[in-house]
Amino acid sequence: MTWLVLGLLLFLGVHSVRIVADPWRTAMRARLGDGPWKGGYSLASAVGLVLIVMGYAATREAPVALWDPPVWTRHLAALLMLASMVLLVAAYVPGNALKARLGHPMVLAVKTWALAHLLANGTLADMLLFGAFLAWAVANFASARRRDRAAGTVYATGPASRTIVVLVAGTAVWALLAFWGHAALFGVRPFG
C-alpha cells in the first residue's frame with residue numbers, strides 16, 4: 001500500500017501544481033525553460049505512475065475488502081466508461097462540440113473513469129486509487145474553468161463531422177477495452 005500512496009502523491013502532486021501554485025509554475029517555467037520544465041514534469045509523472053502500478057498490483061495479492069459492490073454497479077460502470085472514452089477522444093479532436101461546450105474533456109474523462117471504478121470496486125486500494133483521482137479531477141476541472149473564465153477562453157466548434165468522429169472513435173475505444181483490452185491489461189473482464 002505504501003508504494004501506491006507514494007505514487008499517488010507524486011503523480012497527482014505534480015499534476016496539481018497548476019491547481020495550487022499556478023504563479024509559481026509560471027515563474028519556474030520561465031526560469032527553467034519549457035524543455036527542462038516539461039522534462040522534469042514528465043520524469044516525475046512517469047516515476048509516480050510506475051509506483052502507482054506497482055503498488056496497486058501488490059495490493060491485489062491480498063486485497064482489503066471494504067464492501068462487496070452489487071452486480072448492477074458493474075453495468076453502471078460500463079455505461080460511465082463509455083462516456084469517459086468519448087470524453088477522452090474529445091480532448092484530442094479539435095473543433096468538436098463536446099470540447100467546445102465542456103472545455104476540458106480530458107479531466108472530465110478522468111473524473112468519470114474514477115467514479116465508474118469506485119462504483120464497481122470495493123477494496124481499500126480501489127478507494128485510494130480511484131478516490132484520489134476523482135478528488136484531483138474535481139479540483140482540476142474547477143481550477144481550469146476558473147482560469148478559462150478569467151482569460152475569457154472560448155473553445156471553437158468546427159463542423160459536425162468532428163463530433164461524429166469523437167462519438168464513433170470513443171465508442172470504438174470503449175468496445176476494444178470492454179471486450180478485450182481490460183482483461184488483457186488488468187486481468188478483469190468488465191462483462192463477466
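Is phenylalanine 130 buried or exposed? At 5% relative accessibility, phenylalanine 130 counts as buried, because the cut-off for buried is under 20%. Keep in mind as you read that this is a predicted model. Let's use that residue as a way in.

Phenylalanine 130 has an aromatic partner, tryptophan 113. Their rings sit 5.1 Å apart, centre to centre, with 75 degrees between the planes, an edge-to-face arrangement. Tryptophan 113 lies in helix α7 and phenylalanine 130 in helix α8, so this pair ties together parts that are 17 residues apart in sequence. Tryptophan 113 itself is partly exposed, with a relative accessible area of 24%. The structure holds six aromatic pairs, and ring pairs link Phe11, Tyr56, Trp113, Phe130 and Phe133 into a cluster.

Another of the edge-to-face pairs joins tryptophan 174 and phenylalanine 179, with ring centres 5.9 Å apart and planes at 80 degrees. Here tryptophan 174 is buried, at a relative accessible area of 17%, whereas phenylalanine 179 counts as exposed at 54%.

Now for helix α7, the home of tryptophan 113. Helix α7 runs over residues 105–120, which is 16 residues. From its first C-alpha to its last it reaches 22 Å, close to the 22 Å expected at 1.5 Å a residue. Among the buried residues of α7 are Pro105, Val107, Leu108, Ala109, Val110 and Thr112. Further along the helix, Ala114, Ala116, His117 and Leu118 are buried too. What covers them? The cover for the buried residues of α7 includes α5 (72–90), α6 (97–102), α8 and α9 (160–186).

A few individual residues show how these contacts look up close. Take methionine 106, which lies in helix α7 and counts as partly exposed at 30% relative accessibility. Leaving out residues up to four places away in sequence, methionine 106 touches Leu87, Leu88, Ala91 and Tyr92. Methionine 106 and alanine 90 are 16 residues apart in sequence, yet their C-alpha atoms are 7.6 Å apart in space.

Serine 84, found in helix α5, gives a view from the other side of that contact with α7. Which residues does serine 84 touch, leaving aside its neighbours within four places in sequence? Serine 84 is in contact with Ala109, Thr112 and Trp113. At 1% relative accessibility, serine 84 counts as buried. The C-alpha atoms of serine 84 and lysine 111 are 8.1 Å apart, although the two residues are separated by 27 residues in sequence.

From helix α8, leucine 134 also reaches towards residues met above. Leucine 134 touches Lys111, Ala114 and Leu118, again not counting residues up to four places away in sequence. Leucine 134 and leucine 115 are 19 residues apart in sequence and 6.5 Å apart in space, C-alpha to C-alpha. Asparagine 140 is found in α8 as well, and is buried with a relative accessible area of 11%. With residues up to four places away in sequence left out, asparagine 140 touches Ile19 and Val107.

Helix α8 (residues 124–151) also meets helix α1 (residues 2–14): their axes come within 11 Å and cross at roughly 10 degrees. That makes α1 roughly parallel to α8, because angles under 35 degrees count as roughly parallel. On the α1 side, the contact involves Leu4, Val5, Leu8, Phe11 and Leu12. On the α8 side, Ala125, Leu128, Leu129, Ala132, Phe133 and Trp136 take part. By class, this contact has eleven nonpolar residues, with no polar and no charged ones. Phe11 and Phe133 will be familiar, as both belong to the aromatic cluster.

To finish, look at helices α3 (residues 22–32) and α4 (residues 34–59). Their axes come within 6 Å and cross at roughly 120 degrees, which makes α3 oblique to α4. The α3 residues in this contact are Trp24, Arg25, Met28, Arg29 and Leu32, and they meet Asp34, Pro36, Trp37 and Lys38 of α4. What classes of residue make up the contact of α3 with α4? The contact has five nonpolar, no polar and four charged residues, whereas the contact of α1 with α8 has no charged residues.

Technical notes
Residues are numbered from 1 along each chain as its sequence is written. This is a predicted model: local features need pLDDT of at least 70, side-chain atom pairs count only at pLDDT 80 or more; totals for chains, interfaces and linings use all residues. Side-chain values use heavy atoms; hydrogens and water are left out. Axes are lines fitted to C-alpha atoms, for helices over the stretch in contact, and angles run from 0 to 180 degrees between N-to-C directions. Helices (H or I, at least four residues) and strands (E, at least two) are DSSP runs, numbered from the N terminus. Angles under 35 degrees count as roughly parallel, over 145 as roughly antiparallel, 65 to 115 as roughly perpendicular and the rest as oblique. Contact means heavy atoms within 4.5 Å. Ala, Val, Leu, Ile, Met, Phe, Trp, Tyr, Cys and Pro count as nonpolar, Asp, Glu, Lys and Arg as charged, and the others, Gly among them, as polar. The expected span of a helix is 1.5 Å times one less than its number of residues. Buried means under 20% relative accessible area, exposed over 50%, partly exposed in between (1.4 Å probe, protein chains only). Rings of Phe, Tyr and Trp (its six-membered ring) pair if their centres lie within 6.5 Å; planes under 30 degrees apart count as stacked, over 60 as edge-to-face and the rest as tilted.
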